[in-house]
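Visitor: I am new to this structure and should be grateful for a close look at a single part. Might you describe how chain A meets its surroundings and how it is put together?

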Amino acid sequence: MMLLTLLCVPLFAAIILAFVGDRRYAPEINIAGSAGTFAAGLGLAFEVYLYGPTLAGNKFFFVDAFNVYLAVLTSFVSMTTAVFSRRYMRREREHGRVGSIRMRFYHAMFQVFIFAMLLCLLTNNVGVLWIAMELATLSTVLLVSLYRTPTAIEAAWKYFILCGVGIAQALFGTVLLYFAAEKVLGEGGEALLWTNLSLVSDRLEPTVLSLAFVFLMVGYGTKVGLVPLHNWLPDAHSEGPTPISAVLSGLLLNVALYALVRCKVLVDGATKTHHAGDIMMGFGLLSIIVAAFSLLRQKDIKRMFSYSSIEHMGIATFAFGLGGPIATFGGLLHMLVHSLAKSAIFFTVGHASQMHRTQDMEKIKGLIRGNPLVGWGLMLGVMAIAGMPPFGVFTSEFLILTATIKDAPLLTPFLLLGLVVAFAALFRRVQPMVSGEIPENQKPMTVAHLPVLLHMVLVLLIGLYMPEFLNQWFHTAVDLLK
Amino acid sequence: MNLTIAANINSFLAALVLLTAFGMLVQRRMYGLIHLFAWQGLFLSVSTAIVGFVAGKHHLYISSLLTLSLKVVLLPYILHVLIYRLRIQKEVDTVVNVPLTMLIGIALVIFSYHLTAPVRELSTLVTRSTLAVALATVMIGLLMMITRRHAVTQIIGFLAMENGLFFAATSATYGMPLVVELGVALDILIAAFIFGIFFFHIHTTFDSLDVEKMARLKESD
């Protein structure tokens, strides 16, 4: 029951916000809607913790240990982003970058986007997963072009076209998957349900599924932002409003990776080889290296952190490709901590670029003196994302690295190279931004404290101590993904 | 209807779908492109109905009607209106190197036949031979999006790809489950509204629908 509530809340919130429009209290309704979603998410997590995996809505939806934590994460980050966006978007209005109609559109579409992602995570049907993924793209396309500047429109068009093309490949993969499934499970909707497919995956035709996986990999890989399919990502992240960058980077990429991993499990079951894993490892490693070196060349602050997202999604994809209990555990953990740390970074980056009214890193200086929360938030966020102990990202990267040394020792140097270069590139840029005197172009402003603090505390806590329920879910999920 | 006759008619329609795909690949005029797209949708819709009839799958009639209303009537109409409103009836899109584009297209068809060979061997459906054509249509749509510069042409390429996917679903499996087909149709409808809005934004901002003009976002060195 909680499951359906979780899906309905953002949908209703979207409808209400479409009617409320640009009233003074619209951001508060947005927060209330997201908080309701998060409450439902917690309720669902509690149910799963007590009773285990469940099906709902005539087998149309399901939760297990793998998607429950992602659903809670999605609802949590969307709530904190709503809190952040209240101050941020108010400020953008004062600067005259968005008008009344666009604010109405922004709030409604934000909730539709959350709904689409939750539908992706909770649906039991591979076809509906595809539809929801496309809906998530479509709902954010016009948010990326919200400012209507030439570069924003270009970025949104690129996002629309590239993700449209990519996702079309995934649909072809889904058709092939259905073709193989129908032979075993018979015709109709039942043949596309995960819960049925995973039971019979060893009887599915291996040649068809390995062909299907290539298409699914290209399709969902485009949305994950894997190199060489990543071209849309830095543009969309740097040109859209910062709250949207935070949810795109922190949530949408995770959801796409979730879809890919689910497909991999089926393909592995059918082919009984490491074929799909090898493809994922290749894409992952390429993403890590290319993104790490691209980080060095960036001048725009949001662009730089979007390359960092590509790198981290590469790490997670690599981990799932590698397989085995340690790497998979690391991959699951990495999705969680990256999402928390990266959205916290985007919150501080949003405030920093508003204080200086530019995204050019050369012009952003003296953040710690100007606003300690933004300065330290950015500094600590970057430390966390770069994989410094005691933050959670260190734990996950350490696990993945250990598993690599054990199972694929030849790839370890490449992985390490990527991590080290990314580390150096980030610090080289962030150091001058946070230190130094307050420059003339910096204007003081009130910032949203809570989202940044909450995220950073969580990332730190997960690094220090893994709660029992999370540990249990991850172990169950590792078994599922074997 | 005899199964062999049905299979023959279906292959003939598949050939027509492929032909329209090639036509779109090199058509310069906007209206010409839309007409070709509408024809492709019509062939697809008729083919789906025939498959539905001989295989006794009644949900394919719904898919066929959906294709007819969406891809033969509604989308071409929306595109017509947009082109009229934006006053770009006279605009032509440049096609660089027609023979080369055609050759790549032919190579893609051969590649599709090669790629789908294992699937065709496994299938027992009357429509199995058309799966390669479906994949080729997807690939040619993709090629069209890469080679063309005009926003409207790129969108038509995108929609042609979607036609190919729909065709793949009917030829490999007698159609996806109805809930999926309806969802996909809904997504396309939303996409249609979004690209409609986009055309206006691009046109007012760049004063042209040539996407080459949008090249500000590049990696700086």
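Guide: The following account takes up the contacts of chain A. The model is a predicted one, in which local features need pLDDT of at least 70, side-chain atom pairs count only at pLDDT 80 or more, and totals for chains, interfaces and linings use all residues. Residues are numbered from 1 along each chain as its sequence is written, while chains are lettered from A and ligands numbered from 1 in the order in which they are written.

Chain A is divided into domain 1 (1-266) and domain 2 (274-482), with bounds that come from an automatic or database domain assignment. The centres of these two domains of chain A, taken over C-alpha atoms, are separated by 21 Å. Across the boundary, 41 residues of domain 1 of chain A are in contact with 47 residues of domain 2 of chain A; contact requires that the C-beta atoms of two residues, placed from the backbone, lie within 7 Å. On the domain 1 side, two or more residues come from each of helix 3 (65-94), helix 8, helix 9 (232-239) and helix 10 (242-271) of chain A. Helices here are DSSP runs (H or I, at least four residues), numbered from the N terminus. Helix 3 of chain A supplies the largest share of that side, 14 residues.

Turning to the other chain, 38 residues of chain A are in contact with 39 residues of chain B. Helix 5 (126-144), helix 6 (150-185) and helix 8 (206-224) of chain A each give two or more residues to the side that touches chain B. The largest share there, 18 residues, belongs to helix 6 of chain A.
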